[in-house]
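Here are my notes on the model you sent. Please read them with the structure open.

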Amino acid sequence: MSVENPTAAALEQVGEPESGSAQIGGQGIRGYFAQHSTLAYVLRRFGLYLLTLWAAITATFFFFRLIPGNPIGAYIQNLQQNYDYNATASQGVINHYKAVFGLNGSLLSQYGHYMKQLVFHQNFGPSLINYPESAQTVISKSIPWTVGLLCVATAIAWILGTLFGAVAGWRRNSKFSETATWISVALAPVPFYFIGLVLVFLFAYRVPLFPAEAPYGVNVAATFSLPFIVSIIEHAVLPALSIVVVTALGHMLGMRQQMVTVLGEDYLTFARAKGLPSRRILGRYAMPNCYLPQITNLMISFGAIFGGNVLLEQLFSYPGVGFLLVKAIGQLDLNTVMGITDIAIFGVLTAVFILDLVMPLLDPRIKYVR
């Protein structure tokens, strides 16, 4: 008959967690991130965000630098046409402008110079359009017009489309739902500029209620005053309405489809059985479960705002980023073109990155895990 030693048994029990903790500590960084899944998720997404941003900017740089054309020759020709510059450009002058605009040396050395200026100085280089102004200065003058127009129009379109789509899906067998669905299917694929042409014809020429071009009246001083603000709003009605009509109908179709898919869920049946009013069931239970695709579309739309709307801004002569992009391409202003493209890439990728971080907060079913 053997008697166990209580001291040895106690030492064995104490030793087990020590070896376990040593094993956990031995995992190092992997063990730390395994215990902090949220931090690991954020760092992983941030690393993927930086890698994608670098790859997109690099592809943009080589794409535009490989396009046929001579930016320096275009700049000198512009000097000859606009400033009576009749002297023949010497090789020294050409080399000087090549160095100034970052076109000197091999393609890889140009890429290294561009990335160094972009990362460490946030500098896109000088602009051919308004030399010696920098490209970021030229772009910064156009961004407020684009953001002010597209941001407000996108937000209004999202709100209207989400609300009307929820009602159309909730009452899917009503006349309102059928009519709204047919109109949305017919008009949602129509481009912005076509709706803009129709609105200009109707409300600028047939019934002259709103101006057809320019950001504000030619007789209004560009100062922070009530007449200037009123003039800006009047000139932004038609381009904003062009965006709102098409975008709202697209959001309406998406929200209606999401709403129809949740109508048969058990939690809605239980809410009806409890005697809750239909308006409360729609706003409190049905709509929150349809928001995620709508929020995704909204965030991506906000990120794409910085790229401007080229055709719409050309149609209304609106001095936004899209209007500037066409002008820069016409004059082979590579620094301005790449600056606009890089800002658009940054906006979209940043919106997607923020969306990845916010989604688990909006929907408990999404976890911060691999």
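1. Three helices each supply at least two residues of the lining of the largest pocket: α7 (135-170), α10 (226-262) and α13 (291-304). Keep in mind that this is a predicted model. Which helix gives the most to that lining? α10 does, with five residues.

2. Next, the space itself. The largest pocket holds about 280 Å³. It is lined by 13 residues. Closest to its centre are Thr154, Phe192, Ile243, Thr247 and Ser301. Start with these five if you want to find the pocket on screen.

3. How does the lining divide into nonpolar, polar and charged residues? Six residues are nonpolar and seven are polar. No charged residue lines the largest pocket.

4. Now the helix packing, beginning with α10 and α13. Their axes come within 9 Å. They cross at roughly 160°. Angles over 145 degrees count as roughly antiparallel, so α10 and α13 are roughly antiparallel to each other. The crossing of this pair is right-handed. Both helices also contribute to the lining of the largest pocket, each with at least two residues.

5. α7 and α13 come next. The axes of these two helices come within 10 Å and cross at roughly 165°. That angle is why α7 counts as roughly antiparallel to α13. Where α7 passes α13, the crossing is right-handed. α7, like α13, supplies at least two residues of the pocket lining.

6. α13 has a further partner to look at: helix α16, residues 334-362. The axes of α13 and α16 come within 7 Å. Their crossing angle is roughly 155°. α13 and α16 are therefore roughly antiparallel to each other. α13 passes α16 in a right-handed crossing.

7. To pull the α13 points together: α13 is roughly antiparallel to α10, to α7 and to α16. The crossing is right-handed with α10, with α7 and with α16.

8. Last, the aromatic rings. How many aromatic pairs are there, counting rings whose centres lie within 6.5 Å? The count comes to 12. Which residues form one aromatic cluster with Phe61? Phe62, Tyr111 and Tyr114 do. This cluster has two Phe and two Tyr residues, namely Phe61, Phe62, Tyr111 and Tyr114.

Terms used: Residues numbered from 1 in each chain as written. Predicted model: local features only at pLDDT ≥ 70, side-chain atom pairs only at ≥ 80, totals over all residues. Heavy atoms only, no water. 1 Å grid on protein atoms, 1.4 Å probe; cavity = no way out; pocket = protein on both sides within 12 Å on 5 of 7 lines; lining within 4 Å. Points joined across faces, edges and corners; volume = space filled by probe spheres on them. Helix = DSSP H or I, 4+ residues; strand = E, 2+ residues; numbered from the N terminus. Nonpolar A, V, L, I, M, F, W, Y, C, P; charged D, E, K, R; others polar. Phe/Tyr/Trp six-rings, centres within 6.5 Å; stacked < 30°, edge-to-face > 60°. Axes fitted to C-alpha atoms, helices over the stretch in contact; angles between N-to-C directions. Parallel < 35°, antiparallel > 145°, perpendicular 65-115°, else oblique. Left-handed = near helix turned anticlockwise from the far one by under 90°.
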